[in-house]
Amino acid sequence: MAEIRPHAAHWGYFDAVVEQGRVTAARPFARDPQPGALLDSVPAVVHAASRIDRPYIRAGWLRGERRGTLRGDRDFVPVSWDRAIRLVAEESARIRAEHGHTAILGGSYGWASAGRFHHARSQLQRFLGLGGGFTTQVTNYSYGAGMTLMPHILGTNDVIQGPVTDWSSIAKHTKLMLCLGGLPLKNTLVTAGGAGAHEYVPWLKRVAAAGVRFVNISPFRGDAPDFLGAEWVPIRPNTDTALILAMLHTLVASGLEDRGFLATHCTGWERLRPYILGESDGQPKSAEWAAPITEVPAETIRALAYEAARLPTMLTATWSIQRAEHGEQPWWALVALAAALGGIGRPGEGVTFGYGSLNGMGTPRRELPSVSLPATRNPGGTAIPVARVTELLERPGEVLHYNGRQITLPDIRMIWWAGGNPFHHHQDLNRLLRGWCRAETIVVQEPWWTAAARHADIVLPATTTLERNDIASSSRDRFIRAMHQAIPPQGQARHDHDMLADMAEHLGFRDRFTEQRDEGAWLRHLYERWRAACGRMGFEAPGFDAFWAEGHVEVPPPDEDFVLFSEFHRDPVANPLATPSGRVELFSETIAGFGYPGVADHPRWMPPREYLGSELAARFPLHLLSYQPATRLHGQLDPGPVAAASKIAGREAMLMHPDEAASRGLREGDIVRVFNDRGACLAGLRVTEDIRPGVVAMATGAWWDPDPESGLDRHGNPNALTHDEGTSPLGQGSAAQSCLVQVEAWREALPPVTVHTPPPIAGQEAA
């Protein structure tokens, strides 16, 4: 008889169906109004051939081949857990003693599990912090530049992370929604910490039914679902700032800017206005100026500005817009446009970044905390922006400028990665690999043979969520979920917490790491902390035993609509923003004071070095956009059937306009080589008129599978091609969307994709 176990993942709550020790199905949570198809991949992935069955160590590492050694799919030998634990503990102690605490890079990206206790990043950083410190990462790949900028100009990151003006307010008050990057459905399949209710589509349909007009400003028509009936403005990639400045020029030239709001709620308009009109640099930022840059007709730009001034308008941009060179500028410009319209803080108006970037953004919710493992201090450590990992590895002893700070980059001797795959998230993977191999020792805790595990020295097999108990929780969702262990650990896999506890014992701090709690005691402790915090905020949650037996807790929706910055709009003196001026900073004295070359002190148009308006386009005439996939979460679930069904001959699909395909003699379904000076990958061609000419697009997340001789990625990972430089010295975010390529037919025999099977094992268990 099948057993049913309540469980959760970032892509939704579900019930795991277990038969004879195997997960055979994942049934959607009964309260989820719009469950996604990603659940169909769960059984295949948890039992995939790419699972790591036991600990492995690279034979070359055991022979003393360390710094500068090129790692790859070879030379692994199995070892016992006892030996692996001892060697890792001893190596970390040696690195600390010889090179200092900051010589250890404690890497992860936080998406390994919706469970809040068995959260690999938190567990590893707890261990390394208690051990004396380490080099860590701040910000994120998703909106790293924006989250550095927004506190300077709006005093908060709520405008990115939430809570944001909710859909109920938009349905009641908004008449026009201008969407830079659209409102893509694919991103809303996931929620960090799990989703009990995928409410994005129902809310979006409700907003559309209320009569809101949508404008999709994007190179891809598919960034807005058909049911919105959105107008498509097929802008040239990386030119959003020019479009927004031209809309501002139209408002000012027509006397339509909200002068009262600009005077009472903003600072710096007297510096921005002359730039818009061309008084400070001789170039008015008119619609005629912007049209050849953006390839959006001047009449369209003016019409959008006039309509936004006439109607209650919500401005939004996806997180992807700022993942480009000078990526801070379009977001800053959009805030300026919202200020000129006077809508910041009005019901259904203003500006938000992230509608359509993650499930839960805009969903009405009560402001309550999420269940979490308490953070651990990082004594004697240092931190870099997450997207600057390669620079960290390449430039020991040099200075990295970031947000007014000068960070001296430590000499990394040990990379320790848990619950993440940098060869998914990072850019220019060939360059990353060269920096990666500068380390003496690379330790990876991972359930599957991802590229990170294949390029490690010591590989420690971790359990998946289905092999342990946990609690799923997200501040963007109204449910809390009990995650019951469904199956035993597969092979010799162990929980991250347990393997780290054994290492802590070798190093003399096991009791401090575990606080003498086992898994069950930790879950009860974390839940009761959350329950007490909720009680102080007016919500009485049931006790742990009742929660665990029921399988979930539901938090009731709020009684009133939420409008971001409403108190500030009502009285900016009594309710100032947390900026130096207390107002919206359209010019920032703080940013100007950093003195960074090439960094604007107010929104400016600064052409990227790599876009269709640059000289490089003569050699690489296609702008490559790399987007989040609909068939997996980042690289997770890539071995599953949903991802496999979307590929062409086992390669990731690439979208191309029919005119571009015809000019290259290409047809639907062809295998093509996509290349630039940084690398090359194979892709399967999908021809569609929904993408504008001059632009191609590929989903990220196909596991990197480089040919050991040529470096060609055989699987279709666009990060073999993307640009790895910071957005600017201010935000130092990912600039992946500034990427030019060329495409040609692949005429040779098709090489096999090998990354979903284990690498060859070099020999018997090492002594």
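**Nonpolar cores and salt bridges in the predicted model**

In this predicted model, Phe353 is in contact with Met150, Val159, Ile160, Thr316, Ala317, Trp319, Trp331, Leu334, Val335 and Met361, residues up to four places away in sequence being left out of the list. Phe353 belongs, together with Met150, to the largest nonpolar core, which comprises 152 residues, and these two residues touch the most other members of that core. The greatest contribution to this core comes from helix α14, spanning residues 328-341, which supplies 11 residues. Apart from this core lies another, of 31 residues, among which are Trp61, Ile85, Leu87 and Met499. Such grouping can be set beside a general tendency, in that nonpolar side chains in soluble globular proteins tend to be buried together.

A further set of contacts involves Thr363, which is located in the loop between strands β13 (350-353) and β14 (382-385). Although placed in a loop, Thr363 has a relative accessible area of 9% and is therefore classed as buried, the limit for this class being under 20%. With residues up to four places away in sequence again not counted, Thr363 touches Asp166, Trp167, Glu199 and Trp203.

Turning to charged side chains, the structure contains 57 salt bridges. One of these joins Arg510 to Glu505, with the closest N and O atoms 2.9 Å apart; Arg510 is partly exposed, its relative accessible area being 30%. Another links the side chains of Glu65 and Arg63, at an N to O distance of 3.2 Å. In this pair, Glu65 is partly exposed, with a relative accessible area of 37%, whereas Arg63 is exposed, with a value of 55%.

The salt bridge between Arg714 and Asp707 has its closest N and O atoms 3.9 Å apart, and the pair is included because the cut-off for a salt bridge is within 4 Å. The two partners fall into separate accessibility classes: Arg714 counts as buried at 11% relative accessibility, while Asp707, with a relative accessible area of 21%, is partly exposed. Since the buried class is limited to values under 20%, Asp707 is therefore not assigned to it.

Beyond these individual pairs, salt bridges also connect residues into a network, whose members are Arg66, Arg67, Glu91, Arg94, Glu98, Asp411, Arg413 and Glu440.

How values were computed: Residues numbered from 1 in each chain as written. Predicted model: local features only at pLDDT ≥ 70, side-chain atom pairs only at ≥ 80, totals over all residues. Heavy atoms only, no water. Buried < 20%, exposed > 50% of the residue type's maximum accessible area, 1.4 Å probe, protein only. Core = buried A, V, L, I, M, F, W, Y, C linked by side-chain atoms within 4.5 Å. Helix = DSSP H or I, 4+ residues; strand = E, 2+ residues; numbered from the N terminus. Contact = heavy atoms within 4.5 Å.
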